[in-house]
Amino acid sequence: MTAWSWLCRCRRARDWRTTGETRNDKDMNIAVCVKQIPDPADPPGLDEATGNLDRSGKLIMDDSDSYGVEMALQLVEQAGGGEVTLVSMAPRGETSGLRTALAMGAAKAVLVTDEALAGSDALSTAKVLARAVARVNPDLVVMATESTDGYTGTTPVQVAELMGWPSVTFAKKISIQEGKAVVQRQTEAGYDEVECPLPAVVTVTAGVVEPRYPSFKGIMAAKSKPVDQLGVSDLGLLADSVGSQGARQQVASVEDAPVREAGAVVVDEGEAHQDIVRFLEELKVI
Amino acid sequence: MDFEETSEHQMLREAVSSIAAKYGHAYFVDQARSGGKVAELWGELAKAGYIGVGIPEQWGGGGMGIYELSIVCEELAAQGTPILLLVVSPAVNATLIERFGTDDQRSRWLPRFADGSMKMAFAITEPDAGSNSHNISTAATKDGDVYRLNGTKYYISGCDEAEAVLVVARTGADEQTGRGKLSLFVVDLDAPGVTYTPIPVEMTAPEKQFTVFFDNVEVPASRLLGAEHEGLREVFFGLNPERIMTSAIGVGIGRYALSRASEYARNRSVWGMPIGSHQAVSHPLAKAKIELEQAKLMLQKAAWAYDREKNGADGSRGSGVDTGEAANMAKYAGAEAAITCLDAAIQTHGGNGMASEYGLATLMGNARLLRTAPVSREMILNFVAQHSLDLPKGY
Ligand SMILES: Cc1cc2nc3c(=O)[nH]c(=O)nc-3n(C[C@H](O)[C@H](O)[C@H](O)COP(=O)(O)OP(=O)(O)OC[C@H]3O[C@@H](n4cnc5c(N)ncnc54)[C@H](O)[C@@H]3O)c2cc1C
Ligand SMILES: Cc1cc2nc3c(=O)[nH]c(=O)nc-3n(C[C@H](O)[C@H](O)[C@H](O)COP(=O)(O)OP(=O)(O)OC[C@H]3O[C@@H](n4cnc5c(N)ncnc54)[C@H](O)[C@@H]3O)c2cc1C
């Protein structure tokens, strides 16, 4: 099935669902993609053979995604109805990173976990996430601009492309007005205001909202919130289209980051300002 | 047998620790030195329901136990922001009110412990009756519908931020032994006849200590907590939570000190190698770490046993663990670990150990206090000698 025909099917499915259900028009149902990553405070090594990150330890919610979760919760609160559903792809049925977001207030989660996904590249990840998102049938998908561990920053736009939905990146503020998303999109100079129809994929920049702390009641409730665990075949994907088999990206080699060269020490004997000016001129910054 | 905390416990630790980290030790010291309170930190914890984790759900709390409250207490201390009032207000006092209060008393105070909107001080210590509570002389005399309270308490924490104080007072005497018959009262700190003056102590903490004078204070009979003359027996129910929470502060301070010390010892280099590679530096830290982990295990065991016993799991004795013994041992170990860890951390930092900037010496008073209050190390050793080892009592 091509991406396009699959997409048409899911569009139709969406229409069917929206007419068949008693959904309140105002409700906002938002899918937030949440990546669960090895704790950056205690970074794991790389698998020498594949160059992949060792994900065998405990995984936590990527901090970058906490902003999207917060924004989504706020949008649902503003709409006065609807819910936040988390979507994640992670090894070994890992849910500890999801519990944090469930404790913050997300209603449920879809977790895709399958041995066939080992070695997935960003496109495979996007294929998986897109199908999982389609099951949620949201009005809006929120993702982070880039993850903390892989940080290619390419997954969200690939998800949007596969869904055939518009994508707006680098959001610092999202509001829903008359069924459209109005997004303040960060630029070097300030921000652009972009409007787009829903459903859409919006990526949120780190630090633009203050993620709430889970309340104690939220923490206690998190365990009983549903986490729907799916495998590759549940999503209608072929095992060889994802994972290392389906990956079009390969880690060719891994090298240490170049050590920064020692800086030059200028001893001021009354002339140091000239050395500094010369140095800055060489850098072409003045 | 399982030593792993639940994911809820881990999330609670993370959440409290990130709230506390946002404020940090510098904020704590600034507030303490300027006479301020940690109101913003308390407010944020209260709003998220962390102050009230141990209050039953029926009264608006989190419905969990002392284990969860001790997590809150430990994590705060581990960020350099220990809150002593957690020991008396939601632990000792709420426990006593939940257990011995009338429905009116419970519905009046428990919801406010649950949402953290009220603090209540606790007053047992007197100038002439410290470790010996039988000697308490603050007296409540029945006068028609009310009691009249007269006497002096000292070292009472937090009177300037609390609304009321739970007072242990004498309501009679045993005819044979002459020992006081005690009762518990909740007294408003703004009631006519209540005055208090600060006692300066060498401890950097936002909580201040006070001498409290009760001068013919009229206390309505509705403020008697529990049964008249049964106060001594009743107050014991508040002492295990008190010991557990004190242990948690100690464990937290120990963690705070060791994390700073090990970071410093990895990075500071005076002979061309990190000072942590000298065993004279690393061994005291390793020893402190072992003592800290032992204290933490005892703390967890005591808190777990307390909650089991309270909830009546496995019959009336709950866990089969002697809660009183475990709580006393946890308090002892927590206090000693705090002192050992902080001292090793200060030594590791050389001269910087004494600098305000490094945030270690500022906690010396707080850690040292734990060996004396709320119950002294000697009284714990007395308890273990008599109770656990069945040795004769010498006083
Ligand atoms: C060589 C290689 C091997 C890999 N091996 C594995 C593996 O064994 N197991 C495995 O599970 N993954 C594996 N991955 C997938 C990888 O961890 C990422 O999920 C994927 O490459 C996305 O890239 P990124 O981290 O750069 O995301 P970015 O494009 O930087 O991410 C942007 C945002 O997209 C969302 N997002 C990205 N990934 C996920 C996700 N997995 N779940 C939910 N939301 C997400 C988040 O909101 C994230 O912040 C591998 C990737 C590579 C390149
Ligand atoms: C900062 C601070 C805050 C406090 N907050 C409160 C509070 O909020 N509410 C409250 O009621 N109290 C409070 N206290 C008081 C504290 O609980 C007491 O100081 C403590 O219990 C010791 O009592 P004491 O000072 O009367 O010592 P004492 O009883 O006079 O004891 C003096 C010394 O003799 C030892 N000793 C006494 N009897 C024996 C014995 N039989 N065997 C062996 N050794 C013995 C003690 O261990 C101690 O070392 C606080 C104290 C401080 C310093």
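**Exercise 1. Classify B:His229 by its surroundings: is it buried, partly exposed or exposed in this predicted model?**

*Solution.*
Step 1. Count the neighbours: 16 other C-beta atoms lie within 10 Å of B:His229.
Step 2. Apply the cut-offs: a residue is buried at 20 or more such atoms and exposed at 12 or fewer.
Step 3. The count of 16 falls in between, so B:His229 is partly exposed.
Step 4. Locate the residue: B:His229 belongs to the loop between strand S8 (224–225) and H6 of chain B.
Step 5. Inspect the backbone: phi of B:His229 is near 70°, which is a positive value in a residue other than glycine.

**Exercise 2. Treat B:Asn216 in the same manner: where does it lie, and is it buried or exposed?**

*Solution.*
Step 1. B:Asn216 is placed in strand S7 (residues 209–220) of chain B.
Step 2. Its phi is near 55°, again positive in a residue that is not glycine.
Step 3. Within 10 Å of B:Asn216 there are 11 other C-beta atoms.
Step 4. The limit for an exposed residue is 12 or fewer, so B:Asn216 is exposed.

**Exercise 3. Describe how helix H6 of chain B packs against helix H9 of chain B.**

*Solution.*
Step 1. Identify the helices: H6(B) covers residues 231–267 and H9(B) covers residues 364–372.
Step 2. State the geometry: their axes come within 10 Å and cross at roughly 145°, and the crossing is left-handed.
Step 3. List the residues in contact: H6(B) contributes B:Thr246, B:Ile249, B:Gly250 and B:Ile253, while H9(B) contributes B:Asn366, B:Ala367 and B:Leu370.
Step 4. Sort them by class: the contact of H6(B) with H9(B) has four nonpolar and three polar residues, and no charged ones.
Step 5. Recall a general rule: an α-helix has 3.6 residues a turn, so residues three or four places apart point the same way.

**Exercise 4. Analyse the packing of helix H8 of chain B with helix H10 of chain B.**

*Solution.*
Step 1. H8(B) runs over residues 323–348 and H10(B) over residues 377–388.
Step 2. Their axes are 10 Å apart, at an angle of about 145°, and this crossing is left-handed.
Step 3. On the H8(B) side, the contact involves B:Glu325, B:Asn328, B:Met329, B:Lys331, B:Tyr332 and B:Ala335.
Step 4. On the H10(B) side, the residues are B:Arg377, B:Ile380, B:Phe383, B:Val384, B:His387 and B:Ser388.
Step 5. By class, the contact of H8(B) with H10(B) has six nonpolar, three polar and three charged residues.
Step 6. Consider the link before H10(B): B:Pro374 lies in the loop between H9 and H10 of chain B, and a cis peptide bond with omega of about 0° joins B:Ala373 to B:Pro374.

**Exercise 5. Explain why helix H3 of chain A is described as largely enclosed.**

*Solution.*
Step 1. H3(A) consists of nine residues, 96–104.
Step 2. The buried residues are A:Gly97, A:Leu98, A:Arg99, A:Thr100, A:Ala101, A:Leu102, A:Ala103 and A:Met104.
Step 3. Because eight of the nine residues are buried, H3(A) is largely enclosed by the rest of the structure.
Step 4. After the helix comes A:Gly105, with a positive phi near 140°.

**Exercise 6. Characterise the surroundings of A:Arg185: which residues does it contact beyond its neighbours within four places in sequence?**

*Solution.*
Step 1. A:Arg185 is found in strand S8 (residues 180–186) of chain A.
Step 2. With those neighbours left aside, A:Arg185 contacts A:Val168, A:Thr169, A:Phe170, A:Ala171, A:Tyr191, A:Asp192 and A:Val194.
Step 3. A:Arg185 has 19 other C-beta atoms within 10 Å, and since buried residues need 20 or more, it is partly exposed.

**Exercise 7. Decide how far chain A may be read in detail, and how chain B is built as a whole.**

*Solution.*
Step 1. Chain A has a mean pLDDT of 87, with 91% of its residues scoring at least 70.
Step 2. Over residues 1–22 of chain A, however, pLDDT stays under 50.
Step 3. Where pLDDT is low, the predicted coordinates should not be read in detail.
Step 4. Chain B averages a pLDDT of 95, and 98% of its residues reach 70 or more.
Step 5. Chain B contains ten helices and eight strands. Its radius of gyration is 21 Å, close to the 21 Å given by the globule rule for 395 residues, so chain B is as compact as a globular protein of that length.
Step 6. Where the chains meet, each of chain A and chain B supplies twelve residues; on the side of chain B these are seven nonpolar, four polar and one charged.

Definitions and conventions. Residues are numbered from 1 along each chain as its sequence is written. Chains are lettered from A and ligands numbered from 1 in the order in which they are written. This is a predicted model: local features need pLDDT of at least 70, side-chain atom pairs count only at pLDDT 80 or more; totals for chains, interfaces and linings use all residues. pLDDT is the predictor's confidence in each residue, from 0 to 100. Two residues are in contact if their C-beta atoms, placed from the backbone, lie within 7 Å. Helices (H or I, at least four residues) and strands (E, at least two) are DSSP runs, numbered from the N terminus. The radius of gyration is taken over C-alpha atoms; the globule rule is 2.2 Å times the number of residues to the power 0.38. Axes are lines fitted to C-alpha atoms, for helices over the stretch in contact, and angles run from 0 to 180 degrees between N-to-C directions. A crossing is left-handed if the near helix is turned anticlockwise from the far one by less than a right angle, and right-handed if clockwise. Ala, Val, Leu, Ile, Met, Phe, Trp, Tyr, Cys and Pro count as nonpolar, Asp, Glu, Lys and Arg as charged, and the others, Gly among them, as polar.
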